[in-house]
Amino acid sequence: MRREKHDDLGLALHRLEACLRWAATDWRAEAGSAFCDTGEVLVAELTILMDAVEQHGVALEAYGVEVGDIAAVQRLLARRRVEVAESLRWTADSLLVLEAEEAASPAFGTGRRDFEARALRRAEQADHDELASVGRRWAELVDRRDAADTACIAALYGAAATSDFESASSDIREATTSEQALRRLDGLSVVDLALLFAENPLLAKLIAEASPEAVREWWDSLALLRPLQGDGLSGAQQALLLAVPWLIGNLDGVPPLARIKANASTAAGQVVENQRMIDDIARHPLDDPRARELIAELEQENAYLRGAAAVPPRVQLYTYDRAADRIVEMLGKWPVAGAPERVYTYVPGTSAQMKDFWKTGPGPQDLSGRLMADDGVDSVAFIYKDGRFPGGGDQVFPAERKSLVAALAQANSSPFARESGERLASFRAGLDVGGAAAGSPAPRSVGIGHSWGTANILASELAGARFDHVVSLAGAGVVPEWAGSPGTEYDSFRYDDALGVVQATGIVYRHRNPQYLGEFEQHEYDSFADRAMEWNSPAILRLAALLTNHALIASDGPGNDEVVSDILDELKTLDPL
């Protein structure tokens, strides 16, 4: 079986190398380069696997020969033992006959019986000696079989057959700190790494505890004095991206471009899982009355994730963990060497969900995209939704929302804001370290929060995050202990909206709202709907305008042009570059 598998692997390797030769000459797109880089890793893995299978074959063949020889000797010894045992029984019976004859006629043939008895006892002793010899040879055979078993097991699980996995797995189990665990990942192949994390589920949690600084130092060390591939990654870095993309893609301290590349692999895997679910729902359409709606949601998600998995990616996922409701999308191009001049962090408001990133119509990416297009500087934006936002349900798919009352209660909760602020601060710390480039100045940081997103940004300052400029778009409020950070500019942009009406009552953060705080420069506007309102307009129209205005402030549509223009003017005035 090992020889047959070796032949199959050899054929697979031949075909893969033929594909790579073609791709290297005829596939000139960036996707072709990515295919060649991945294919070279697979060639190395197939070669390792073929060597291991060949070692198995040699070991098993030698084991088979040895065990066959042992079995042949065992049969001879077993037959000899039967023969000697039969001889002993005959001797014992003969001695009994002599004793019976002597008892019946003591005086007759005494000399002859004595002679025969002595002969039988000599034969009996010889048989006992032979049995002892057989026993010793049998014990030697047992030792020989034990040695054969040990040698075979050693060959099957030795370094030649298992690469460095066994020793690495043992070393990892002895790691007591995240830094030790990180260092021991170097030099392992894609398969070794995948097996290592599969067999040690707590390893990822241990590594996630590492500081961004330790992660960045480790990541950079993987490329020291090593050849880099076309994408600027070393073989060790590439192996980690392929083996554990779900870890590297969400590990603070890893550079943005590497995280995006890792999350592209995770997104491609999720597309496959989603398609399986679509097929399963389609096969049982009567089981769920929402079948068509569920399929439509999955197909929209897949269209978005295929953009993330494309080469080059049309969607750049800096963070992506579907099960944990985590997604951060990057807009713009992070320089391969260096850093952008400005980084936007945009946090949407209450009830934001992952599906908002790929739904049709206006999305959370729109305003940041508009600012980047018009700001006149080299800028990058991160559209941030890390974990549950107020009003988010416990289930990512099908997407759940809590009731409006529960959503507003969470949005107005200082403990909820503090906890979310700690996550945002961790994101900022990871980006500051992972995106840093030697010799390049740190980019100017702009935090933009819509509605509850402002509370998230301001709470993150309490956890250590720092922004050069904070822009509040109809911001919800701040926790009681917040105070403005020295050197940070704060601006509040708002229309007369539904949230503002409620804030006037003191229910929302007890009047600790951006429009009432001295740290914020105030910018208030009338919308098209406001200007169209008459003194006697029906209350339902006024309510509709208040609700529309709350969403309008965070849009990139023509109705919000004045706000967008003023935000850009503030950035130019307060953030000179």
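Okay, a bit of vocabulary to start: Ala, Val, Leu, Ile, Met, Phe, Trp, Tyr, Cys and Pro count as nonpolar, Asp, Glu, Lys and Arg as charged, and the others, Gly among them, as polar. What we have here is a predicted model, where local features need pLDDT of at least 70 and side-chain atom pairs count only at pLDDT 80 or more, while totals for chains, interfaces and linings use all residues. Residues are numbered from 1 along each chain as its sequence is written, and side-chain values use heavy atoms, with hydrogens and water left out.

So, empty space. On a 1 Å grid over the protein atoms alone, a cavity is a set of points where a 1.4 Å probe fits but cannot get out, and a pocket is an open set with protein on both sides within 12 Å along at least five of seven lines; a lining residue has an atom within 4 Å of a point. Points join across faces, edges and corners, and a volume is the space filled by probe spheres set on them.

How many cavities of 30 Å³ or more turn up in the whole structure? Just one. The largest cavity holds about 30 Å³, and its lining splits into seven nonpolar residues, one polar and one charged. Among them are Leu-185, Asp-186, Gly-187 and Leu-240. Helices here are DSSP runs (H or I, at least four residues), and strands are too (E, at least two), numbered from the N terminus. Helix H10, residues 235-243, gives the most to that lining, with three residues.

On to the pockets. The largest pocket is about 1,400 Å³ and has 45 lining residues, with Asp-231, Leu-233, Leu-257, Ala-258 and Lys-261 nearest its centre. Which helix brings the largest share of that lining? That's H12, with eight residues. By class, we get 27 nonpolar, 11 polar and seven charged.

The second largest pocket comes in at about 1,000 Å³. Of its 36 lining residues, Gly-349, Thr-350, His-450, Ser-451 and His-550 sit closest to the centre. Helix H20 (539-552) is one of the helices that supply at least two residues of this lining.

Let's stay with H20. Its buried residues (under 20% relative accessible area, 1.4 Å probe, protein chains only) are Ala-545, Leu-546, Asn-549, His-550 and Leu-552. They cover an arc of only 165° around the axis, taken from the directions from the helix axis to the C-beta atoms, so they are on the same side of H20. On the other side, Ile-540 and Leu-547 are exposed (over 50%).
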